[in-house]
Amino acid sequence: MKNYFSAVLICLVSAAPAFAGVSISTPSNGDHVSSPFSLSASASSCSSQSVSSIGYSLDNSGNTTIVHNTSVDAKVSSPLGTHTLHVKAWGDKGAVCVTDTSFTVSNVTNDPSGNSSVVPSGAISVSSIEALKNWTASHDTGANGKASGKTSLVGSPSHSGSSRGFATSFSKNGAERYSVGFGDNTTATNFFYDAWVYFTSTASHIANLEMDINQTMPNGQTVIFGIQCSGYSRRWEYTENLGTASHPRGHWAASSAPCSPPSWSKYKWHHVQMSYSRTSTGHIIYKYVWFDGVRSTINKTVFGARALGWSSTMSTNFQIDGAGTGSATVYLDGLKISRW
């Protein structure tokens, strides 16, 4: 049985743009972290002056913590409610530069690893998505080769009592996409993907494992939030649209976070979690990926909207890209997607 504890959540809702060389690395704008949260900031210059010190304060407090350096890394505690964090830099000739970040602190429930299931209490969550009956399978025509697959609920292996198995056959690096619709929400801008994945010995035949969320926005365009573990780049990759919404040009970009399907332990359930958000213009902010409780930072903002003519719906894809010619079976359990 899992034990859960209460944590304090910091919800960054807005942030002024960094200027005069002052920048905040963490937490990112729109991030969700526990209190005390990690603050990492630096200042290369201030009004063309060399920086002599940097510091921070909370709300209207007269207490400013000052570090006589050009950067600061600290743990900052904050009570419940809405607050503003001020990060300040001082130039060696008297200039002062400030970047403000607004956030809200609220109570949430977190899992014992303390890293990942950080979702606001008012979020809409859909659980056990793998158990939905309307999963479909289709060959990804954008990939090379050919593929086919079948999916069904099985009693073993399982993490929660039953899981969904995806049995895929492929040739010449073919890819099979498995999809299901799970809701209808055009206004949500923040998402948390939480799932358990199980590999057999066939993991060596998997080139990429892709996990997506698709959302239609109020303007009718669809945003594709795509993250995959790539055996080619051996990194967690994220998808972006290098074209326009009307003429999309999809592209996978590699993050600095390592990942490769053949390296996953076999016959073991792995916990995969992802955090991202979007803007009203269809830009995606990819934030973090967790693998078995270890967090990797992506921190990339890219354009992700496409004019696909889809109806107002939300769906998720679970795609298996083959390596060469062969077959692979992957199991999915406990898929929960939260939005707010």
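I take contact to mean heavy atoms within 4.5 Å. With that in hand, I looked up Ser 169. Leaving aside neighbours within four places in sequence, Ser 169 is in contact with Lys 146, Ala 147, Ser 148, Gly 326 and Ser 327.

**Ground rules**

I am reading a predicted model, where local features need pLDDT of at least 70 and side-chain atom pairs count only at pLDDT 80 or more, while totals for chains, interfaces and linings use all residues. Residues are numbered from 1 along each chain as its sequence is written, and side-chain values use heavy atoms, with hydrogens and water left out.

**Ser 169, continued**

I placed Ser 169 in strand S13, residues 163-171. Strands here are DSSP runs of E with at least two residues, helices are runs of H or I with at least four, and both are numbered from the N terminus. Is Ser 169 buried or exposed? I sort residues this way: buried is under 20% relative accessible area, exposed is over 50%, and partly exposed is in between, with a 1.4 Å probe and protein chains only. Ser 169 has 38% relative accessibility, so it counts as partly exposed. I also checked Thr 325. It is 156 residues from Ser 169 in sequence, yet the two are 7.9 Å apart in space, C-alpha to C-alpha.

**The whole chain**

I counted zero helices and 25 strands in the protein. Of its 340 residues, 49% count as buried. I then turned to contacts between residues at least 6 apart in sequence: 67% of them join residues at least 24 apart. The accessible surface comes to about 14700 Å², and 50% of it belongs to carbon and sulfur atoms. Those areas come from the Shrake-Rupley method with a 1.4 Å probe; for residues, only the protein chains shown count as cover.

**A three-strand sheet**

I looked up an open sheet with the order S2-S4-S7 and antiparallel pairing. Two strands pair if DSSP finds at least two bridges between them. Why do S2 and S7 each have a side without a neighbour in the sheet? S2 (22-26) and S7 (71-76) stand at the edges with a single partner strand each, so one side of each is left without a neighbour. Neighbouring strands of this sheet are turned by 25° against each other on average, direction ignored. The axes behind that value are lines fitted to C-alpha atoms, for helices over the stretch in contact, and angles run from 0 to 180 degrees between N-to-C directions.

I followed S4 next, residues 37-43. S4 pairs with S7 over six bridges, and four bridges join S2 to S4. Leu 39 has Ala 74 in S7 as its bridge partner. Ser 42 stands opposite Ser 71 in S7. On the S2 side, Ile 24 is partnered by Ala 41 in S4. Five of the seven residues of S4 are buried.

**Rings**

How many aromatic pairs does a search of the whole structure find? It finds 14. I use rings of Phe, Tyr and Trp (its six-membered ring), paired if their centres lie within 6.5 Å; planes under 30 degrees apart are stacked, over 60 edge-to-face, the rest tilted. Phe 199 and Trp 264 are stacked, at 4.5 Å centre to centre and 15° between the planes. Phe 199 is in strand S15 and Trp 264 in the loop between S19 and S20, 65 residues apart. Both are buried.

Tyr 276 and Tyr 286 pair edge-to-face, at 6.0 Å and 80°. Tyr 276 sits in S20 and Tyr 286 in S21, ten residues apart. Both of these tyrosines are buried too. Ring pairs link them with Phe 191, Phe 225 and Tyr 238 into a cluster.

**Ser 277**

I found Ser 277 in strand S20, residues 269-278. Its relative accessibility is 6%, so it counts as buried. Beyond four places in sequence, Ser 277 touches residues including Phe 225, His 283 and Lys 287.

**Backbone notes**

Most residues other than glycine have a negative phi, and most peptide bonds are trans. I noted a cis peptide bond between Ser 156 and Pro 157, with omega about 0°. Pro 157 lies in the loop between S12 and S13. Asp 59 has a positive phi, near 55°, and lies in the loop between S5 and S6. Arg 234 has a positive phi of about 60°. I found Arg 234 in the loop between S17 and S18, exposed at 56% relative accessible area.
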